[in-house]
Amino acid sequence: MSLPISIGIDVSKLKVDICLLENGQTIIRSWSVKNTKAGLKELIQELTSWVGARVVLEPTGYYHYLFAFGLSRAGYDVRLVNPYVMKQYSKLGMRKTKTDKVDAKKLAMLASSGIELLPYTETPV
């Protein structure tokens, strides 16, 4: 079962790379924003047509918190994938290319794959 729209986000300290996929294969758009509140606001504005879509992020220290929390609050189905699981999933493909843009696409493909991922839940502070 492939979800119609899936969003993969590769998070790093200074920026996040986003890949928007249709039916798990067709890239609708691939771009980057800064890992800041302004970058989150820009991303949410870009994604308004796809509220409710599944978003998959790989936790990276604390750098993913802003986007996981912000997208969840904005109505997206945010899921976090264990880095080990993502590494194993990536090994299934033929390409061994490792860039932030490629990682965002792989996360979007995982989002649409039907593999069960635990939903993001806010951690009480």
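In the predicted model, residue L14 is located in the loop that connects β1 (5–11) and β2 (15–22). The relative accessibility of L14 is 66%, and the residue therefore counts as exposed, the threshold for that class being over 50%. When residues up to four places away in sequence are not counted, L14 touches K34 and N35. The C-alpha atom of L14 is separated by 8.8 Å from that of V33, a residue 19 positions apart from L14 along the chain.

A second loop residue, N23, lies between β2 and β3. N23 is not a glycine, yet its phi is positive, at about 55°. With 47% relative accessibility, N23 counts as partly exposed, because that class covers values between 20% and 50%.

The strands assemble into an open sheet of five, in the order β3-β2-β1-β4-β5, with mixed pairing. Strands β3 and β5 (77–80) are at the edges, each pairing on one side only. From one strand to the next, the twist averages 20°. Strands of a sheet pair through backbone hydrogen bonds, in either a parallel or an antiparallel arrangement. Strand β4 (residues 54–57) and strand β5 run parallel and are joined by four bridges. Within this pairing, V56 has R79 of β5 as its bridge partner.

Two helices are described here relative to the sheet. Helix α2 (residues 65–73) lies across β1, β2, β3, β4 and β5, and its direction is at about 155° to β5. Helix α4 (residues 100–112) also packs on the sheet, where it touches β1, β2, β3 and β4. The direction of α4 makes an angle of about 140° with that of β1.

Side chains of opposite charge can pair when their charged atoms come close. The structure contains four salt bridges. One of them is formed by K15 and D17, whose closest N and O atoms are 2.6 Å apart. The two partners fall into separate accessibility classes: K15 is partly exposed, with a relative accessible area of 31%, whereas D17 counts as buried at 7% relative accessibility.

Another salt bridge is made by the side chains of E46 and R29, with an N to O distance of 2.4 Å. E46 belongs to helix α1 (residues 37–46) and R29 to strand β3 (residues 26–34), so this pair ties together parts that are 17 residues apart in sequence. E46 has a relative accessible area of 37% and is partly exposed. R29 likewise counts as partly exposed, its relative accessibility being 34%.

A further salt bridge links R79 with D77, with 2.8 Å between the closest N and O atoms. R79 is the residue that serves as the bridge partner of V56 in β5. At 9% relative accessibility, R79 counts as buried, because the limit for this class is under 20%. D77, by contrast, is partly exposed, with a relative accessible area of 23%. The R79 and D77 pair is part of a network of salt bridges in which R54, D77 and R79 are linked. The residue ranges place R54 in strand β4 (residues 54–57), and D77 and R79 in strand β5 (77–80).

Conventions:
Residues are numbered from 1 along each chain as its sequence is written. This is a predicted model: local features need pLDDT of at least 70, side-chain atom pairs count only at pLDDT 80 or more; totals for chains, interfaces and linings use all residues. Side-chain values use heavy atoms; hydrogens and water are left out. Buried means under 20% relative accessible area, exposed over 50%, partly exposed in between (1.4 Å probe, protein chains only). Contact means heavy atoms within 4.5 Å. Two strands pair if DSSP finds at least two bridges between them. Axes are lines fitted to C-alpha atoms, for helices over the stretch in contact, and angles run from 0 to 180 degrees between N-to-C directions.
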